[in-house]
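Trainee: I would like to take a close look at a single part of this model, with the residues around it described in one connected account. Could you walk me through it with care?

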Amino acid sequence: MPPFLFPSFFLGGFECSAHRRPSGRRVDVIDATRHDHFAADDYARLRAAGLLGARDGLRWPLIERRPGQFDFASAEAQVQAAQDAGVQVIWDLLHYGVPDHVDVFAPDFPARFARYARACATFLGEAAQTSPVHPPTPVWLCPINELSFFAWAGGEVGYLSPFAHARGARLKRALVRAVIAGMDAVRDVLPTARFLHAEPLIHVAPDPQRPEDAPGAQAMHDAQFEALDMLLGRLHPELGGHPRYLDVIGANFYPYNQWHHHAQHEQRAVLPPEHPGYRPLSALLSELHARYGRPLLVAETGAEDDARAPWLRRVASEALLARAQGVPVHGVCLYPVVNHPGWDDDRHCHNGLWDYPDTDGYRAVDAPLLAALRDAQAQEAAQRITVRGDVVAAVHGGAHGPGGQPADVAGDRPPEDRLAPTAETVVAFLTRVAAQRAATPGQAFPDTDGAEALVRWLLGPSPLNATDRVRATAGDRGAG
């Protein structure tokens, strides 16, 4: 439903984990993929592929090497490259990795994260002032990626730093406190900042052969909502949660996100899409929106090797189906968009649209995944045109005619003119909507607060031109 939050429905995400392994070695995926070295090429490549939105990360361990001293040199190339390419970025502030001098269980952790978040907001806000985009788009941030997984992996089973066991609930509460403090700090600096809350979207079912596992399966399934419920203040209100701390919800969805429950997590059975117990993504997105009433983004999705292209086709179709059913799904982020080394073993994970770079920054494209992306973009564009026609008909005061087409309410005006409303007719439409809202409180109408965005959405051209299509399809070195 218009206006859309991001300049393109499909986005590309640069994996940005920066945590320590149990061995003590720190993972730095941005450095390992050379994204920081070839940021300009990477963002030009995104734009050429029609991916005008992105997820990327600021690496706290590099930014605050010494307590209280913030140096953003490690992020300058990425920020500048995104601006130069005209790609809107959602910046992760904490993607699992904290500086060695930060203790996530310490009472001062929320305050320390808030100081870091304030520094990030100041840096990004100043950078936005030099952006060629006018007016500048809001700064988008993901305060802490996947609180639920972070708490489980780092606090319950000892897989991620801080390598704790049986303390997952405590870590989750600490992370929620940090997000709340961090959002307050950011808003002090950037009142218009927007936030993404990226959480795993899962479905956990009991194994029919073990019906006694049903309570445990339900508890595990419901645990995915705890962090968001805490941010809202529905759960553990003493943490300070409130509806103002829940903005856009990111649903991270992978092929292994549905399984039969087992008390030993390593023995759980993943449900493939063809399994009768597998639930469609569109249904899960619909339920997520029904629970929270917030805009949604499929914030991470991807598969490995030959499964990449069919997985994207499935996810894109399901996301668009949900959108067609009225669920406010604002995009799908290919994650990761470039291949990266495995966290645990440094293996070459073929899970992105582009591969490792050569010495000049060129990355070979995965042709089947690119073809799937092109098909998905065409499918989305067709749906957007249909929705645009509906809104245009409403702008002109019309209704749907036979076959769901906008009725000819403009007499003898040609179809191409009827689909090009003037600013005056849009304003008149918004005025009527505002009057309807005033007359019927609580009824759902289009968003009159986003008048300028709606005008741009109605009148703006497609962001992907013919030159971009040729360059991206050919893997042109000049484009990346």
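Trainee: How much space lies in the second largest pocket?

Mentor: In this predicted model, the second largest pocket holds about 1500 Å³ of space. Its lining is made up of 49 residues, and those closest to the centre of the pocket are E146, F149, W152, Y256 and R268. Two or more lining residues come from each of the helices α6 (147-156), α7 (168-189), α8 (214-223) and α9 (226-232), and α6 gives the largest share, five residues. By residue type, the lining divides into 23 nonpolar, 14 polar and twelve charged residues.

Several of the residues closest to the centre also take part in ring contacts. F149 and W152 belong to a cluster, linked by ring pairs, that also includes Y96, F150, Y159 and W343. Y256, for its part, forms a stacked aromatic pair with Y254, with 5.4 Å from centre to centre and 10° between the planes. The two partners of that pair differ in accessibility, because Y254, at 12% relative accessibility, falls under the 20% cut-off and counts as buried, whereas Y256, with a relative accessible area of 47%, lies between the 20% and 50% limits and is therefore partly exposed. R268, another of the residues closest to the pocket centre, lies over the face of W259, at 4.0 Å from the ring centre.

Note on methods: Residues numbered from 1 in each chain as written. Predicted model: local features only at pLDDT ≥ 70, side-chain atom pairs only at ≥ 80, totals over all residues. Heavy atoms only, no water. 1 Å grid on protein atoms, 1.4 Å probe; cavity = no way out; pocket = protein on both sides within 12 Å on 5 of 7 lines; lining within 4 Å. Points joined across faces, edges and corners; volume = space filled by probe spheres on them. Helix = DSSP H or I, 4+ residues; strand = E, 2+ residues; numbered from the N terminus. Nonpolar A, V, L, I, M, F, W, Y, C, P; charged D, E, K, R; others polar. Phe/Tyr/Trp six-rings, centres within 6.5 Å; stacked < 30°, edge-to-face > 60°. Buried < 20%, exposed > 50% of the residue type's maximum accessible area, 1.4 Å probe, protein only. Lys NZ or Arg CZ within 6 Å of the ring centre and 35° of its normal.
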